[in-house]
Every structure is written in structure tokens, then in C-alpha cells.
Amino acid sequence: MDPVGVAAAPDAGPGPAWRTKCPWGAPNTTSISCSLADVMSEQLAKELQLEEENAAFPEVVAVAEGPFITGENVDTSSDLMLAQMLQMEFDREYDAQLRREEKKINGDSKVSISFENYRKVHPYDSDSSEDEVDWQDTRHDPYRADKPTTTPRKGFIGKGKDITTKHDEVVCGRKNTARMENFAPEFQVGDGIGMDLKLSNQVFNALKQHAYSEERRSARLHEKKEHSTAEKAVDPKTRLLLYKMVNAGMLETITGCISTGKESVVFHAYGGNTTEDKVIPPECAIKVFKTTLNEFKNRDKYIKDDYRFKDRFSKLNPRKIIRMWAEKEMHNLTRMQNAGIPCPQVVILKKHVLVMSFIGQDQVPAPKLKDVTLSSEDMKKAYYQVLNMMQQLYKECNLVHADLSEYNMLWHDGKVWLIDVSQSVEPTHPHGLEFLFRDCRNVSQFFQKGGVAEALKERELFNAVSGLNITADNEVDFQEEIEALEKMNEDHVQNHGKKLSMFSSDGDPPIYDE
Ligand code: ADP
Ligand code: MN
């Protein structure tokens, strides 16, 4: 014990001299003063964030571009629930109010007007679990688009619910009824507009709110359909991007949607004018990577460990990561194109929208291998072609497809075309060989089931594609060897900071071109 140190501690303050004198007091004191400040600022930050979220509440629930997409508050599930509970509470109160209004308006009249349709919590729709699942998928932005123009509120709403002159009430009521016409066309306002119906501001506003939430709901339902229209399947910003492409003459018309997947929506378009520096194919496929994040979170592992994108990944927000998927698909398609593998030809990439040549004809996309019935001769031909392409992909493009199956191979012009390569990785990706093995399994099983007797079994196919010679005679050992190889490569990277080919047994190393 050092009595000087103890005595000095309380009043000496955290000066450097004191710190050297008091070996046990210093770190404690330092950490306390430090963490207090931290706590304060963190709390402040949390408060600010909460405030921001509350302020943005309607958008948060309804719009794909709320704070969620910035990635700053990914873990807000409980806040969301809270918000939804509050909303439910609000809805209930609102419905009760609506019922009172209804009663008041109808009075003793023989003809009564029902507000049933304007209730927030529909009797048949009180289960909002569906909303919880799908809210992020809502593309339509009812809060920003085409709000009906209103005369300034001041004058009739400023005084609360006591509107003094009768004249005002009637005029406003009629005005409000007329303004119902501004609601979305699919929103049923009944024939109130034709009648001399007067709606109080309160009721009108409530109806307006309801109209918006109805719009949202119908957008959601619409989105679920397999083939949604070009208009509704993308958010306004994407729509603008597409319009610009048409405006610039690059595309002639966007005819419709070919496919709505979890991660992308694909449209068909007729190509526009070919310019000196850009050849536009007569028919194009437009792949729009979805800007909602649910599905992409699961794909982190593909891109996070891809060293080509490693440095960039950590600094990016989710929106940029989605652009990176599009970018990745573009780069990979270009590599394949250069190797002569049949695949869509890249036309242009704009943000998260990739335009490429259309595989198919007259708006009819080429069938997926899983949907086409081939003669046994064609099946065999297809198999050898796929085997060849897998080898080319690996050796010449230095890529593993990583989602290769009969779903991502199209049959067109008597041959197989590879598509959907946004998730493709280089063989030295930490899971690259596992992905390759999975691809091999899919391909092998498909062609064996399809009656191609020559089709290699998955392990043989893996060796044939990779040039490796893994000898394990059962699946478990085989996988273990694969993982051991991956680990070896990772260790090598750790030690040398650079990827090196160690997989090729035949002196034909993958090309590292980036
Ligand atoms: P996803 O990630 O949604 O599976 P894909 O790239 O596989 O995205 O595209 C989805 C579907 O769209 C494909 O199965 C195919 O039917 C169609 N498709 C995509 N690209 C093209 C193209 N270039 N030409 C014709 N059809 C295409
Ligand atoms: Mn696909």
C-alpha cells in the first residue's frame, strides 16, 4: 500500500502526475468519467433516434424508405411492434369515434348512411398478422404521392371541433365530400359525392387516412400476385429510372413483368436506338434488384467474404449493398460473355437496375430447364454443354455460379443459357468450393433424373470442374476435405495477405484478374 497514493486520490484529479503515482486508482477513475460521458451521449443519441422514429412514424410503417433502409436501426423490431400496438389502439378509438359520428349524422332519419366501410379495423380484417409480415414490401408511397390539394385549414379547423357559424360547417362539409373524389380510384367512396352529404373535417380527415391505408393494403395485395404490373412492382425512384431509360431512347417500351422473385423483378422491354457507343439488343430484360432488404440479409455471406468487395462492404449502407449485387451480376456476366458462355449480354447498369439482352423471343422468355421437355438427345447435349460451361466458368472466368440449377438455366436456340449470377463468387471465396459442390449436386441430380446415363455423380463432377482430386468415397468425408481446403486457403490469405492458387492440381491455376 502506498499511503501517498491513497491520500492523493480524492483531490488530485486525473492529472498525468497523479496517474503515475496511483497505480490502482487511475484506471478506475478514468473509466468512470469516460463511461459517464459515453452513457450520456449514447442516451442522447437513443433519445434523438426515438424522437426521429416517432416523428417519421407513418412512413416507417408504410414506406420502404423509412429509416430502416439506412441500416442505422436494423434492430427495431420491438419499436415496430410498439408502434403497431399504438396504431391498433388508435384505430380502435378512431372506429369508436366513427360510430358516434355515424349515429349523430343519421339521427332519426329513415335513410341512414353507413360508415362501416371506413372502419380501420374491419370485422373481417382484424387479424393484422399479414401486415406485420409484409409491410416492408409495400412499394407504393401513399403519403408522398399526389396528396389532394386542400384549402388552408386555418379558419375552420383551428378552433377545434366548435365550428361556430353554420355557414362554414355546411360549406366545409360539402367541400370535404367533394374532396373524396381525390382518393385513389379503387377506394370506394360510395355515392356520397352525388348527394348533398356534408362531412365534418374530423370525419373527412379520418376517411382520408383510411383511404391511404386502403391504398397501401391494395398495393400489398397486388404485389403478392406472381405477375404484377410494371407500375406497382417497383418503387417511385426505380420507376423514374426506367422512365428515364425510355425517355433517353435507350428502350423503346417496357412491355411488362417476366418474373417477380424474392430479390428481383425482371421486366421485358423492346430495345431503343442503337447509338455509336451502345448497341441495344432488339429485346431486353431489365432486372430490378429489390430495394427491400429482407431477402438480402441472408445473402451477406456471399458478398461479405468475397474479397473483391471486402473493403467496400463494411462501409456501405444496405442500399449500396443492393447496388453491389447488381454490379456483381454485371461483372460476372461480362466475364462469362468474354469466355463465350451463352448468357445475357449486359447493356447497361444504373444503380440497382441491370439491363441485359433478352433470352427468348417476341416477349416470351426462354423456358427454364426445369420447365422444358427435351428429347433424350437434347438432354444429353444439354448435359455436356453444362459440364463444359461449368469448367469454363471455373477456369476461364474464375467463378463458381453458386446458384446453379435447372431454375437458372434457360433453353433457347437449342442450347443452355446461364442466368442469375449476382451471387456467383470466385473459387477462392471462403465458401466457394462448398457452393461449387452444391451446384454439382443440383446439376448431377437433374441430369441423372432426366435420364442422362453419362451424367457424372456429384463428387466426380466436382473434381471434373475444379480439377481437384478429392478422393473421399463418401459425402461426409468429401465435404470435410472441401472445407479443409477452404480453410487452408483462408489461412494462407491470413499469412500472406493475398489469394494464391493452391487448388489446381494440373498446373492450370485460376486467373486472378482483379
Ligand atoms: P432471381 O434472383 O429472381 O431468380 P433471375 O435472374 O433468375 O432472378 O431472373 C428471374 C427470372 O426472370 C428467370 O428465371 C427468367 O425466367 C427471367 N429472366 C431473367 N433474366 C432474363 C433474360 N435475360 N432473358 C429472359 N428471361 C430472363
Ligand atoms: Mn433465378
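This passage describes the ligand sites of a predicted model and two residues with an uncommon backbone angle.

The surroundings of ligand 1 are considered to begin with. The shell around this ligand holds 16 residues, and those that come nearest are S264, K287, I359, K368 and D420. By character, the residues of the shell divide into eight nonpolar, five polar and three charged. Three strands, β2 (264–271), β3 (283–289) and β5 (353–357), each supply at least two residues of this shell. Viewed at the level of domains, ligand 1 lies between domain 2 (233–365) and domain 3 (367–499), because both of them give residues to the shell.

Several polar contacts can be described at this site. An oxygen atom of ligand 1 is placed 2.9 Å from an N or O atom in the side chain of S264, and an oxygen atom of the ligand is also found 2.7 Å from an N or O atom in the side chain of K287. The backbone takes part as well, since a polar backbone atom of S357 is 3.0 Å from a nitrogen atom of ligand 1. Taken alone, ligand 1 exposes 540 Å², of which the protein buries 90%.

K287, which belongs to strand β3, is itself buried, its relative accessible area being 7%, and that value falls under the 20% below which a residue counts as buried. Although K287 and E263 are 24 residues apart along the chain, their C-alpha atoms are separated by 9.9 Å.

The manganese ion (ligand 2) has as its protein donors N408, through OD1, and D420, through OD, which lie 2.2 Å from the ion. N408 is in the loop between α15 (376–395) and β8 (409–412), whereas D420 is in the loop between β9 (415–418) and α16 (432–449), so the pair ties together parts that are twelve residues apart in sequence. N408 is buried, with a relative accessible area of 8%, and D420 is likewise buried, with a value of 18%. D420 is also among the residues that come nearest to ligand 1.

Two further residues concern the backbone. Most residues other than glycine have a negative phi. K351, however, has a positive phi of about 55° although it is not a glycine; this residue is found in the loop between β4 (346–350) and β5 and is partly exposed, with a relative accessible area of 47%. Q363, also not a glycine, has a positive phi of about 70°. The loop between β6 (360–361) and β7 (364–365) contains Q363, which counts as partly exposed at 38% relative accessibility.

Notes. Residues numbered from 1 in each chain as written. Chains lettered and ligands numbered in written order. Predicted model: local features only at pLDDT ≥ 70, side-chain atom pairs only at ≥ 80, totals over all residues. Heavy atoms only, no water. Donors = N, O, S within 2.8 Å, 3.2 Å for Na, K, Ca; no water. Helix = DSSP H or I, 4+ residues; strand = E, 2+ residues; numbered from the N terminus. Buried < 20%, exposed > 50% of the residue type's maximum accessible area, 1.4 Å probe, protein only. Near = heavy atom within 4 Å. Polar contact = N/O pair within 3.5 Å; in protein donor to acceptor, adjacent residues only side chain to side chain. Areas by Shrake-Rupley, 256 points an atom, 1.4 Å probe, with all protein chains shown as cover. Nonpolar A, V, L, I, M, F, W, Y, C, P; charged D, E, K, R; others polar. Domains from an automatic or database assignment.
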